[in-house]
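Colleague: I would like a close look at a single part here. Please keep the explanation plain.

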Amino acid sequence: DVQKKIGATDEEWKVIGPKLQKVMAARRAVSGEAAPGPFSNTPVAQAQSDLKTVLDDPKHTKAERDEKIAAVRKGRQQARADLEAAQRDLVRMLMPSQQAVMVSLGYLE
């Protein structure tokens, strides 16, 4: 569907498709959404799960809570950097008109 929308040939799509998949995976990682497949737990999702476990323990300490919050923030920061890198990599493969379509579809900023 995206291939048709951007007017990419099959040859172009062989390069663009995997780069778009990386962008989509990176976007899921930023949100902490678990990805399908054997590597289902992103660092952000794991950090959020660890934070929830601590918060569910009524005897948790402030230090434990703060440590888990810091881990979530660090994971999100890395995930955003990974998303930006994946988007830059994708943009290099696109014509300006294709970039415009990708922006309109929400894959690029």
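Colleague: How many residues does helix 3 have, and how far does helix 3 reach from its first C-alpha to its last?

Modeller: This is a predicted model, in which local features need pLDDT of at least 70 and side-chain atom pairs count only at pLDDT 80 or more, while totals for chains, interfaces and linings use all residues. Residues are numbered from 1 along each chain as its sequence is written, and side-chain values use heavy atoms, without hydrogens and water.

Helix 3 (a DSSP run of H or I, at least four residues, numbered from the N terminus) has 14 residues and reaches 20 Å from its first C-alpha to its last. That is close to the 20 Å expected at 1.5 Å a residue (1.5 Å times one less than the number of residues).

Val-44, Ala-45, Ala-47, Leu-51 and Val-54 are the buried residues of helix 3 (under 20% relative accessible area, 1.4 Å probe, protein chains only). Their cover includes helix 2 (10-31) and helix 4.

Helix 3, residues 43-56, packs against helix 4, residues 62-91, at an angle of about 165°, and their axes (lines fitted to C-alpha atoms over the stretch in contact, with angles from 0 to 180 degrees between N-to-C directions) are 8 Å apart. Helix 3 is therefore roughly antiparallel to helix 4 (over 145 degrees).

On the helix 3 side, the contact (heavy atoms within 4.5 Å) is made by residues including Val-44, Ala-47, Leu-51 and Val-54. Helix 4 contributes, among them, Lys-68, Ile-69, Val-72 and Ala-79.

Helix 4 also meets helix 2: their axes come within 8 Å and cross at roughly 160°, so helix 2 and helix 4 are roughly antiparallel as well. Residues in that contact include Leu-20 and Val-23 of helix 2 and Leu-83 of helix 4.

Note on methods: Helices (H or I, at least four residues) and strands (E, at least two) are DSSP runs, numbered from the N terminus. Angles under 35 degrees count as roughly parallel, over 145 as roughly antiparallel, 65 to 115 as roughly perpendicular and the rest as oblique. Buried means under 20% relative accessible area, exposed over 50%, partly exposed in between (1.4 Å probe, protein chains only).
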